[in-house]
Amino acid sequence: MKRVIQHNVYGSIIYEEGAWTGKKSLTINGVPLTKVDKTHYTYSLDGELITVELKGNTLTGVTLKIQNEVIRLVDKPAWYVLVLSILMFIFVIVWGNSPTLCAVFPIVGGFIGGAICGIGAVLNVLIAGMVKKASYKILIGVGFFIATILLCYIIAVVIIAAATVVA
């Protein structure tokens, strides 16, 4: 994920974070900052070496602190994006543990269902964070919810079909 912010004092600030690795890089006015430790980088401003602090990540929001000024690079996910991500897990936990419900609409649960929900939830937060309009964020969340449940359903049907062939 790449974010470009135009600041009136520091100019163009480019923040990049790997979606899967979490590796971060920071550039101010085309000059890459040197990483000192996990959260601190050095930046040369008018010949003076300045230490900047980078806090957070894509899932919690990212801020950059330069000379006591805090600049928000990535907003925190909206509450409704997080709720839709959590609903994926709740649906799979409740539905997958009910034999009556699974007889009507089987879904895979346990480790496989949890892994699918985890990937869907993270992708939901990442992709919804790329759009500005709340209605689009909700549509993306509903889309990931439906896609996650359908994937759990397809895997359950395949497992049931394989089990009936073997038996």
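In this predicted model, strands E7 (residues 48-57) and E8 (residues 61-66) lie side by side in the antiparallel sense, joined by five bridges. One of the bridged pairs links Asn-57 to Gly-61 in E8. That is a handy place to start, and from here we can widen the view to the sheet around these two strands.

## The five-stranded sheet

E7 and E8 belong to an open sheet of five strands, ordered E5-E6-E7-E8-E9 and paired antiparallel. At its edges stand E5 (34-35) and E9 (69-74); each has a single partner strand, so one side of each is left without a neighbour in the sheet.

Two residues in the loop between E8 and E9 deserve a look. Gln-67 is found in that loop, and Asn-68 has its place there too. Phi of Gln-67 is near 45°, a positive value for a residue other than glycine. Asn-68, also not a glycine, has a positive phi near 65°. As for accessibility, Gln-67 is partly exposed with a relative accessible area of 45%, while Asn-68 counts as exposed at 71%.

## The four-stranded sheet

The chain has another open sheet, this one made of four strands in the order E1-E2-E3-E4 with antiparallel pairing. Its edge strands are E1 and E4 (31-32), each of which pairs on one side only.

Let us begin with E1, which covers residues 2-7. Which of its side chains are buried? Arg-3, Ile-5 and His-7 are, and they point to one face, whereas Lys-2, Val-4 and Gln-6 point to the other face and are not buried. The pattern fits a general rule: in a regular strand, side chains alternate between the two faces of the sheet.

From E1 the chain passes through a hairpin of three residues into E2. Strand E2 (residues 11-17) pairs with E1 in the antiparallel sense, and six bridges hold the pairing. Arg-3, one of the buried residues of E1, has Tyr-15 in E2 as its bridge partner.

Toward the other edge, strand E3 (residues 24-28) runs antiparallel to E4, and two bridges join them. Here Ile-28 stands opposite Val-31 in E4.

The pairings described so far can be set side by side:

| Strand pair | Sense | Bridges | A facing pair |
|---|---|---|---|
| E1 and E2 | antiparallel | six bridges | Arg-3 and Tyr-15 |
| E3 and E4 | antiparallel | two bridges | Ile-28 and Val-31 |
| E7 and E8 | antiparallel | five bridges | Asn-57 and Gly-61 |

## Helix H4

Now to the helical part of the chain. Helix H4 spans residues 134-166, and Ala-161 has its place in it. Ile-138 lies in H4 as well.

Is Ile-138 buried or exposed? With 38% relative accessibility, Ile-138 counts as partly exposed. Leaving aside residues up to four places away in sequence, Ile-138 touches Tyr-80 and Leu-84. Leu-49 is 89 residues from Ile-138 along the chain, and their C-alpha atoms are separated by 43 Å.

Ala-161 is partly exposed too, with a relative accessible area of 38%. How far apart in space are Ala-161 and Pro-32? Their C-alpha atoms are 55 Å apart, and 129 residues separate the two in sequence.

## The chain as a whole

Stepping back, the protein chain comes to four helices and nine strands. Read from the N terminus, its elements run β-β-β-β-β-β-β-β-β-α-α-α-α. The radius of gyration is 21 Å, well over the 15 Å that the globule rule gives for 167 residues, so the chain is more spread out than a compact globule. Its C-alpha trace spans about 75 × 35 × 20 Å along the principal axes.

How much of the chain is buried? Buried residues make up 35% of the 167 residues. The exposed area is about 10,000 Å², and carbon and sulfur atoms supply 67% of it.

Two further values round off the picture. Among contacts between residues at least 6 apart in sequence, 43% join residues at least 24 apart. The chain carries 13 positive and 8 negative charges, and the mean positions of these two sets lie 10 Å apart.

How values were computed
Residues numbered from 1 in each chain as written. Predicted model: local features only at pLDDT ≥ 70, side-chain atom pairs only at ≥ 80, totals over all residues. Heavy atoms only, no water. Pairing = 2+ DSSP bridges. Buried < 20%, exposed > 50% of the residue type's maximum accessible area, 1.4 Å probe, protein only. Rg over C-alpha atoms; globule rule 2.2 N^0.38 Å. Contact = heavy atoms within 4.5 Å. Areas by Shrake-Rupley, 256 points an atom, 1.4 Å probe, with all protein chains shown as cover. Lys, Arg positive; Asp, Glu negative; His and termini not counted. Charge placed at Lys NZ, Arg CZ, Asp CG, Glu CD.
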